[in-house]
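Here is a walk through one chain, with the structure alongside. Keep the viewer open and follow the residues as they come up.

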Amino acid sequence: MGLHAKFWHNVGEPACNVFINHRTVDTRRTVVPLLYEHLMQQGCKPFLDKENLKPGDRLLSTIDKAVRGCKVGVAVFSPRYCDSYFCLYELSLLLESKKPIVPIFYDVKPSQLRVKDSGILSCSQKDVKRFDFAVEEAKCIVGLPFDSSKEYIIFSFACSFSDVFSFPIQLSITFNLKVNNLFEVRVSTATAAPSAAS
């Protein structure tokens with residue numbers, strides 16, 4: 001029993017309040033690691049597979065625990081996003097768990113996001129329908145469009161999560177893409193003291 005308790009304790013660590021859902025092959029050298037780093041600097045507890053998954057972790061159990069424990073999800077949609085079973089699984093779980101989602105459309109338009117047939121994803125038709133529903137739902141959420149082919153881009157996107165966290169929080173993300181393809185990401189949080197009425 002002690003070993004079982006220790007195993008599930010490890011599965012739940014580290015606790016996160018922001019779940020970053022992304023396709024590694026498209027984003028691992030660009031926006032996602034910098035987003036993770038700056039969220040950490042601002043005192044958030046982001047979940048990123050590369051940083052949080054450890055040898056011996058049960059993959060789906062760890063993801064499930066992180067999604068259900070987070071306050072908000074950041075879904076980074078990219079050209080090969082819908083080719084990944086795990087991206088679609090995480091997105092479905094975020095929506096089914098009623099988590100607020102902040103979409104970032106990285107080099108892809110919402111209308112271009114389509115779930116492929118089960119032969120490509122190696123999953124059942126039931127999962128394909130589940131994933132397709134999740135993608136269609138996410139496409140209806142206002143997000144941040146990001147085109148990395150532009151020479152110089154500045155986008156700002158702000159969301160208020162006062163009803164998500166236990167205290168009012170404003171999350172602002174600004175992306176700068178310069179000619180040398182270096183990204184600068186600023187994530188700032190501003191908290192306000194609860195009012196006397198609350």
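Two residues are in contact here when heavy atoms of theirs lie within 4.5 Å. Keep that in mind for S92: setting aside residues up to four places away in sequence, S92 touches R130, F131 and A134. S92 sits in helix α6 and is buried, with a relative accessible area of 1%. One caution before going on: what you are looking at is a predicted model.

**The chain as a whole**

The chain has 198 residues, and 43% of them are buried. Its secondary structure comes to eight helices and eight strands. Take the contacts with a separation of 6 or more: residues 24 or more positions apart account for 67% of them. The accessible surface adds up to about 10,900 Å², and carbon and sulfur atoms own 54% of that.

**Two helices side by side**

Packed helices are described by the angle between their axes and the distance between those axes. For helix α5 (residues 59–69) and helix α6 (residues 85–96), the angle is about 35° and the axes are 10 Å apart. The crossing of α5 past α6 is right-handed. Which residues do the touching? On the α5 side they are L59, L60, I63, D64, V67 and R68, and they meet F86, Y89, E90, L93 and L94 of α6. Sorted by class, that contact has eight nonpolar residues, three charged ones and no polar ones.

In a helix there are 3.6 residues a turn, so residues three or four places apart point the same way. That is handy when you look at helix α3 (residues 31–41), where V31, V32, L35, Y36, H38 and L39 are buried. After α3 comes G43, with a positive phi near 90°.

**Rings that pair up**

How many aromatic pairs does the structure hold? There are six. Ring pairs are described by the distance of the centres and the angle of the planes. Two of these pairs are set out below.

| Pair | Centre to centre | Angle between planes | Arrangement |
|---|---|---|---|
| F19 and F47 | 5.1 Å | 5° | stacked |
| F77 and F105 | 5.3 Å | 15° | stacked |

The F19 and F47 pair links distant parts of the chain: F19 belongs to strand β1 (residues 18–22) and F47 to strand β2 (residues 46–47), 28 residues apart. Are these two rings' residues buried or exposed? F19 has a relative accessible area of 1%, so it counts as buried. F47 is buried too, at 3% relative accessibility.

Why does the F77 and F105 pair count as stacked? The planes of F77 and F105 are at 15°, and the label applies because planes under 30 degrees apart count as stacked. This pair also links distant parts of the chain, with F77 in strand β3 (residues 72–77) and F105 in strand β4 (residues 101–106), 28 residues apart. Both F77 and F105 are buried.

Elsewhere, ring pairs link Y85, F86, Y89 and F131 into a cluster. Two names in that cluster have come up already: F86 and Y89 are among the α6 residues that meet α5, and F131 is one of the residues S92 touches.

**A buried asparagine**

N21 lies in strand β1. At 0% relative accessibility, N21 counts as buried. What surrounds N21? Leaving out neighbours within four places in sequence, its contacts are V74, A75, V76, Y81, C87, E90, L91 and L94. E90 and L94 from that list also take part in the contact of α5 with α6. As for V67, its C-alpha atom is separated from that of N21 by 9.7 Å, with their positions 46 residues apart along the chain.

**Two odd backbone angles**

Most residues other than glycine have a negative phi. K98 has a positive phi of about 60° although it is not a glycine, and D107 likewise has a positive phi of about 60° without being a glycine. K98 is in the loop between α6 and β4, while D107 is in the loop between β4 and α7 (118–121). Are they buried or exposed? K98 is exposed, with a relative accessible area of 73%, whereas D107 is partly exposed, at 30%.

Terms used: Residues are numbered from 1 along each chain as its sequence is written. This is a predicted model: local features need pLDDT of at least 70, side-chain atom pairs count only at pLDDT 80 or more; totals for chains, interfaces and linings use all residues. Side-chain values use heavy atoms; hydrogens and water are left out. Axes are lines fitted to C-alpha atoms, for helices over the stretch in contact, and angles run from 0 to 180 degrees between N-to-C directions. Helices (H or I, at least four residues) and strands (E, at least two) are DSSP runs, numbered from the N terminus. A crossing is left-handed if the near helix is turned anticlockwise from the far one by less than a right angle, and right-handed if clockwise. Ala, Val, Leu, Ile, Met, Phe, Trp, Tyr, Cys and Pro count as nonpolar, Asp, Glu, Lys and Arg as charged, and the others, Gly among them, as polar. Rings of Phe, Tyr and Trp (its six-membered ring) pair if their centres lie within 6.5 Å; planes under 30 degrees apart count as stacked, over 60 as edge-to-face and the rest as tilted. Buried means under 20% relative accessible area, exposed over 50%, partly exposed in between (1.4 Å probe, protein chains only). Accessible areas come from the Shrake-Rupley method with a 1.4 Å probe; for residues, only the protein chains shown count as cover.
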